[in-house]
Number of protein chains: 2
Amino acid sequence: MARDAGPAAPARPLRRDAELNRRRILASAREVFGRRGLEATLDDIAHHAGLGVGTVYRRFPSKEHLVEAMFAERMEEIGKLAEEALKADDAWQAFVDFTWQAAELHSADRGLREIMLSNRFGHEHVAEEKARMVPLITRLVERAKAAGGLRGDFAPTDIPLLHMMVGSVVEFTEAVDPQLWRRCLAMLLDGLRAEPGKATELPHPPLEAEEVDEAMSCWRP
Amino acid sequence: MARDAGPAAPARPLRRDAELNRRRILASAREVFGRRGLEATLDDIAHHAGLGVGTVYRRFPSKEHLVEAMFAERMEEIGKLAEEALKADDAWQAFVDFTWQAAELHSADRGLREIMLSNRFGHEHVAEEKARMVPLITRLVERAKAAGGLRGDFAPTDIPLLHMMVGSVVEFTEAVDPQLWRRCLAMLLDGLRAEPGKATELPHPPLEAEEVDEAMSCWRP
DNA sequence: ACTATGTGGAGTAGGTATCTCCCCTTACTT
DNA sequence: AAGTAAGGGGAGATACCTACTCCACATAGT
């Protein structure tokens with residue numbers, strides 16, 4: 001009785017042309033959300049895929065569903081980067097490498113930036129993945145501080161702020177010099193280094209974890 | 001023949017109630033643009049002043065004119081800060097102080113941030129004031145570098161990026177912890193310090209002045 | 001009391017967005 | 001080869017939003 005259900009098809013498999021178009025939609029969404037952010041319309045995405053809007057709505061009940069389908073896997077990527085970084089020997093270098101890699105992903109995808117720093121889009125799987133990342137990043141930070149590379153007053157909750165800053169530079173300059181964020185991140189990281197007697201005392205305490213969450217809920221991209 | 005024209009009234013002076021309302025509009029605009037940015041509608045500003053939209057349009061021909069009237073003087077403020085900073089003895093400290101003061105103004109006014117970093121709003125006077133500021137800031141930066149406090153590879157065109165970064169943190173966290181930007185700016189400034197052999201070589205050259213202009217024209221707040 | 005001046009806010013015009021509907025086309029089955 | 005269930009296209013319904021106008025009514029100042 002049970003029909004041969006493909007690896008990712010719980011019900012009836014799609015007709016061949018429909019399956020092809022589903023992939024076209026996802027590829028198009030990846031590109032369009034990446035370039036224009038989540039404010040891009042499904043019309044845009046459909047037409048960029050050479051399809052009509054109706055086709056998109058047949059496959060994904062709402063924009064929200066498409067976003068969720070798109071970004072769950074991309075967030076897993078970042079989680080894996082953090083896991084990898086925790087295995088490295090040099091804790092400071094691991095922290096630096098992770099930061100660069102994450103920034104690399106962020107810089108290339110405006111939609112990813114928006115979904116990482118806002119709670120307005122993406123629920124379920126996306127939220128889970130975010131939650132899973134918190135302890136990883138905390139350990140990464142604490143390890144780098146313990147090893148003496150990262151300044152002692154840095155906090156895990158500063159990480160989203162760091163990506164916020166890099167993201168804002170990307171948005172500001174990508175039309176003119178898409179690599180400029182590297183310059184800013186390099187200067188930022190110089191400021192995060194533990195300097196025996198030199199670093200100025202920070203004039204303000206870090207956010208609490210819940211405050212980060214609240215900020216993500218209030219913030220509009 | 002010449003009627004007694006008040007100090008800021010080239011033609012006939014406004015009726016007393018009208019003048020009062022004009023001030024109410026400016027005060028309301030200052031607050032609403034400051035909180036919600038230039039996307040705030042004139043309806044919002046009018047109602048926040050306890051007036052109707054028509055009254056605002058009678059006094060200011062368009063939103064653009066109101067914006068121009070609002071921000072010209074605020075930009076002059078920043079220009080004066082730079083002039084003051086150029087008079088100070090300690091070049092590095094002057095640079096740091098100016099940066100903190102400018103950030104203070106930016107952090108308190110979303111409209112100001114938008115007008116400083118975008119060319120989409122504000123023409124004439126605002127643009128002049130921006131242009132006037134460029135050589136001041138350039139001198140401030142060069143002086144701080146010559147004195148050995150500021151890292152040698154910093155460029156004057158990095159200043160807008162710095163404010164962009166601080167502004168993005170403000171926007172992200174103001175609902176939760178409106179002073180948090182201070183923490184980020186402190187870390188940033190630590191990264192700008194000249195460190196004899198320590199600072200990493202920056203992986204990317206700075207923007208040219210014209211590129212900053214272009215970025216300001218492309219960028220949407 | 002008279003009138004030039006000022007006011008309020010419903011209304012206009014024009015835009016953008018998400019999502020639906022229905023007629024036509026296509027892939028697969030028998 | 002024909003039948004049919006599924007898929008596709010895109011105009012348009014609906015629901016917003018914006019900047020700005022217009023005019024009946026109100027008021028300051030003489």
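Here, a residue counts as near a strand if its C-beta atom, placed from the backbone, lies within 6 Å of it. Keep in mind for every view that this is a predicted model.

**View 1. The surface near DNA strand D, with α3(A) in front.** Start with α3(A), which gives the most to this surface, at four residues. In total, 21 residues surround DNA strand D, and the closest are A:Gly52, A:Gly54, B:Arg16, B:Thr41 and B:Gly54. Two or more residues each come from α1 and α3 of chain A and from α1 and α3 of chain B. Sort the residues by character and you get seven nonpolar, seven polar and seven charged.

**View 2. The surface near DNA strand C.** This time 22 residues surround the strand, with A:Arg16, A:Thr41, B:Leu51, B:Gly52 and B:Gly54 the closest. Chain A puts in two or more residues from each of α1 (16-36), α2 (42-48) and α3 (53-59), while chain B does so from α1 (16-36) and α3 (53-59). Which element has the largest share of the surface near DNA strand C? That's α3(B), with four residues. As for character, the residues here split into eight charged, seven polar and seven nonpolar.

**View 3. The annotated stretch of chain A.** Zoom in on residues 19-78 of chain A, where UniProt, in an unreviewed entry, places the feature "domain: HTH tetR-type". The span is 80% helix and 0% strand, and its end C-alpha atoms lie 28 Å apart.

Key
Residues numbered from 1 in each chain as written. Chains lettered and ligands numbered in written order. Predicted model: local features only at pLDDT ≥ 70, side-chain atom pairs only at ≥ 80, totals over all residues. Nonpolar A, V, L, I, M, F, W, Y, C, P; charged D, E, K, R; others polar. UniProt positions renumbered as here; feature names shortened; annotations may be inferred.
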